[in-house]
Amino acid sequence: MKKQILAAALTMSLTGHAIADTTTTAVATFNDAQKAQIGEVAADYLRAHPEILIEMSQKLQTQSQEKQMASASAAALQNKEALLNDPTSPVLHPKGDVAVIQFFDYQCIFCAKVAPVVEQFISKNQDVRFIYKEWPIFGRRWPASVQAAKVGLSVYKKGGAEAYHRYHAALYATGHDEGKLLDEDIRQAAVKAGVTDATREDIEGMAAALAANNALAKELGIQGTPAFFVMPVKGATAENVSVMPGAIDLQALQAAVEKARSGVQQGG
């Protein structure tokens with residue numbers, strides 16, 4: 001019984017939730033002095049076995065992440081039109097049956113780290129629609145984030161997907177992230193894209209598209225960049241949509257595409 005009471009006390013102290021069973025009822029019947037003694041026993045036990053705290057913390061973190069991903073997946077289904085068919089968002093391979101949508105910032109170090117993976121994925125998956133969502137979350141700290149995003153969208157509007165792809169790759173090729181991106185980097189990337197006639201008005205006109213991306217990101221509940229959404233273009237369900245935050249690897253991205261395809265095949 002003592003072990004059961006101790007287990008209940010540990011669970012309640014670690015999770016912040018009571019357990020609706022006879023053990024919890026027993027704990028509730030103790031007086032204040034007895035409860036204090038149980039607390040001391042629990043504290044001593046945790047000091048002697050800190051690995052329990054680590055394990056519980058990891059489990060709670062995993063549960064929290066799973067809950068967030070499930071919520072983001074549901075939000076993706078509700079906002080699939082904005083994710084899949086926004087005319088201002090650059091798109092490669094528009095006829096693809098599965099879409100990968102990436103939210104990113106040019107000055108995000110993790111976006112820079114995953115950029116080679118994204119390029120490898122795009123080259124290997126000509127039948128996957130790849131959609132870029134410019135989301136300059138570091139714009140308040142580093143204004144070049146916003147400027148690079150605006151110029152990128154203007155390059156897409158004037159030069160199309162291939163020009164945008166060259167621009168995008170050129171910026172990441174500089175290796176200038178976390179405040180190091182220069183106006184000259186942006187200008188040179190536009191030169192490499194072959195689009196140098198965008199006016200100031202053209203560029204500033206992209207602010208509305210960035211605001212829409214920001215609103216969409218908030219609707220989806222994502223917390224930072226990079227963030228990937230993978231879903232079939234038709235027949236998306238909670239079972240075949242993947243939400244993947246962070247600098248993921250090629251295998252994970254490819255597996256999410258296969259999941260999207262198999263889910264459609266099985267579900268019609």
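This briefing covers the sheet, one helix pair and two cysteines of the structure above. The model is predicted. Its open sheet has five strands in the order 1-3-2-4-5, with mixed pairing. Strand 2 (residues 98–104) is largely enclosed by the rest of the structure, because seven of its seven residues are buried. The structure holds zero disulfides.

**Sheet**

- Strands of a sheet pair through backbone hydrogen bonds, either parallel or antiparallel.
- In the open sheet of five strands, the pairing is mixed.
- Strand 1 (91–92) and strand 5 (242–245) are the edge strands, each pairing on one side only.
- Strand 2 and strand 3 (residues 128–134) run parallel and are joined by seven bridges.
- Phe 103 has Lys 133 of strand 3 as its bridge partner.
- Helix 6 (residues 109–124) lies across strand 1, strand 2, strand 3 and strand 4 (227–232). Helix 6 runs at about 155 degrees to strand 3.

**Strand 2**

- In a regular strand the side chains alternate between the two faces of the sheet.
- Both faces of strand 2 are covered.
- On one side, Val 98, Val 100, Gln 102 and Phe 104 are all buried.
- On the other side, Ala 99, Ile 101 and Phe 103 are all buried.

**Helix 7 and helix 8**

- Two packed helices are described by the angle between their axes and the distance between the axes.
- The axes of helix 7 (residues 144–173) and helix 8 (residues 183–193) come within 9 Å and cross at roughly 10 degrees.
- The two helices are therefore roughly parallel to each other, since angles under 35 degrees count as such.
- Helix 7 contributes Ala 144, Gln 147, Ala 148, Val 151, Val 155, Ala 163, Arg 166, Tyr 167, Ala 170 and Leu 171 to the contact.
- Helix 8 contributes Asp 185, Ile 186, Ala 189, Ala 190, Lys 192 and Ala 193.
- The residues of this contact divide into twelve nonpolar, one polar and three charged.

**Cysteines**

- Cys 108 is in no disulfide, and the nearest cysteine sulfur, that of Cys 111, is 3.0 Å away.
- Cys 111 is likewise in no disulfide, its nearest cysteine sulfur being that of Cys 108.
- A disulfide requires the sulfur atoms to be within 2.5 Å, so this pair is not counted as one.
- Cys 108 is buried, with a relative accessible area of 2%.
- Cys 111 also counts as buried, at 1% relative accessibility.

Terms used. Residues numbered from 1 in each chain as written. Predicted model: local features only at pLDDT ≥ 70, side-chain atom pairs only at ≥ 80, totals over all residues. Heavy atoms only, no water. Buried < 20%, exposed > 50% of the residue type's maximum accessible area, 1.4 Å probe, protein only. Axes fitted to C-alpha atoms, helices over the stretch in contact; angles between N-to-C directions. Helix = DSSP H or I, 4+ residues; strand = E, 2+ residues; numbered from the N terminus. Parallel < 35°, antiparallel > 145°, perpendicular 65-115°, else oblique. Contact = heavy atoms within 4.5 Å. Nonpolar A, V, L, I, M, F, W, Y, C, P; charged D, E, K, R; others polar. Pairing = 2+ DSSP bridges.
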